[in-house]
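Q: I am new to this structure and would like a close look at a single part of it, the sheet. Please take me through it in one connected answer, along with whatever lies around it.

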Amino acid sequence: PASGPMILVGSLFSAATSAPTAATPTTALPTLATPTSAGAKQAGWGFTVALADQIGEALEPGVSGDKADALSGAILHGMSSFITRIVPSPPGPPPNPPSPPPSPPPPPPPSPPSPPPSPPSPPPSCVGLESVSQVALGTCASLSLAPADASSKLLGDDAADALVSSLEESTIGELFLDGNTVGDRGAASLAGLVERSRLSRLSLVDNSVTDAGAYRLADAARWSETLHALDLDGNPIGADGAVYLAEALAYNRALRVLSLRRTGLESASASSSASSSAASASSAAASSASSLRVAEAFGRCLAANEALEVLSLGSLSTAAAEALVGALRSNSVLTTLDLGGGTLSDRALSDLALRRFAPLGGGVWRRPP
């Protein structure tokens, strides 16, 4: 059976030889396999060349040169188209990869932080009854109720009791009741306030507190962790109350300032030296002994205490001052010592100089911390 190219050759041959010619012998064309395999451009062109040779041999006796050339060109063109159809062109290049997705837009810049809220206003310092009437007592950072003059003293024990009741829930830090008439009962109420609040300073200058009130205040100060200053100047506190205070403060770790000037602790000999009566001499001796007892008690306090920085005892006898100054050998915390106008012995002066205390006047000695 004739394959595709042979059919094509037969049609072309019939067209080329349709003109009447002399009878020519007929030569059968060979049957060739059509290239169908995957590789077969080379086989197809070999087929075409072989076929052209056979056609040339077959046509040579009866086909003129022009017709033979035209026939060969047609055969080659037809075979070329046939081979192109059965042998696919090589695949083209792969398609370009898809473009990457666009980058997401950058995030918006963060908003600036809000400004911090304004700090709360500090609590006010309240001075006098007029200012107290304008604010709640519990909002005061400090409260001073000193009278304007000696004729207008306002606070006695009853008023002190009422004041303490109104301050129970407050956060007050400093309380100044100087120049009033607060006695031992009022001092006991104030001692309770020290124990139950965060009071850091209590001043009762020139009131009426005696040894009994000093005992109660000493007990409150003994364990307080917030009371830093206690001022009892100008109260009739005797040696017993002062000694009790010294013993209570020996191991206190909070109190920084204690003042007991003008409390009757000063040596009577300093103020009564002009008197020569037996009674005055006896009183001076008793005062000197009391002064020495107080000085020795505070000497023991200073040897153990690691918090007290300022101690004011007023004028002491020469022996009492010497005993107190000697205790400074075991203390490195105290920076200010007020000994009033008493006379100091050479030994006391030497000890003060050795501990780097310098006089500031008025019996006050200070050393750098």
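A: Let's begin at one small spot: D231 has a bridge partner in strand β6, and that partner is S259. This bridge belongs to a pairing between strand β5, which covers residues 229–231, and strand β6, which covers residues 257–259. The two strands run in the parallel sense and are joined over three bridges. As background, strands of a sheet pair through backbone hydrogen bonds, and they can do so in a parallel or an antiparallel way. Please keep in mind that you are looking at a predicted model.

Now step back to see the whole sheet. β5 and β6 sit in an open sheet of ten strands, where the order reads β1-β2-β3-β4-β5-β6-β7-β8-β10-β9 and the pairing is mixed. At the edges stand β1 and β9 (358–361); each has a single partner strand, so one side of each has no neighbour in the sheet. On average, neighbouring strands here are turned by 10° against each other, direction ignored.

The edge strand β1 brings us to another feature, the one disulfide that the structure holds. It is formed by C126 and C140, with 1.9 Å between their sulfur atoms. This pair links distant parts of the chain, 14 residues apart: C126 lies in strand β1 (residues 125–127), while C140 lies in the loop between α4 (128–132) and β2 (142–144). The link is left-handed, with -90° about the S-S bond. Are its two cysteines buried or exposed? C126 counts as buried because its relative accessibility is 2%, and C140 is buried too, with a relative accessible area of 1%.

Finally, look at a helix that packs against strands of this sheet. Helix α12 (residues 346–354) has three buried residues, A348, D351 and L352. Seen down the helix axis, these buried residues fall within an arc of 100°, so they line one face of α12. That buried set packs against β8 (336–338) and β10 (364–366), and also against helix α11 (318–326). The other side of α12 carries the exposed residues D346, A353 and L354. After α12 comes R356, which has a positive phi, near 70°.

Technical notes: Residues are numbered from 1 along each chain as its sequence is written. This is a predicted model: local features need pLDDT of at least 70, side-chain atom pairs count only at pLDDT 80 or more; totals for chains, interfaces and linings use all residues. Side-chain values use heavy atoms; hydrogens and water are left out. A disulfide is a pair of cysteine sulfur atoms within 2.5 Å. Helices (H or I, at least four residues) and strands (E, at least two) are DSSP runs, numbered from the N terminus. Buried means under 20% relative accessible area, exposed over 50%, partly exposed in between (1.4 Å probe, protein chains only). The arc is that of the directions from the helix axis to the C-beta atoms. Contact means heavy atoms within 4.5 Å. Two strands pair if DSSP finds at least two bridges between them. Axes are lines fitted to C-alpha atoms, for helices over the stretch in contact, and angles run from 0 to 180 degrees between N-to-C directions.
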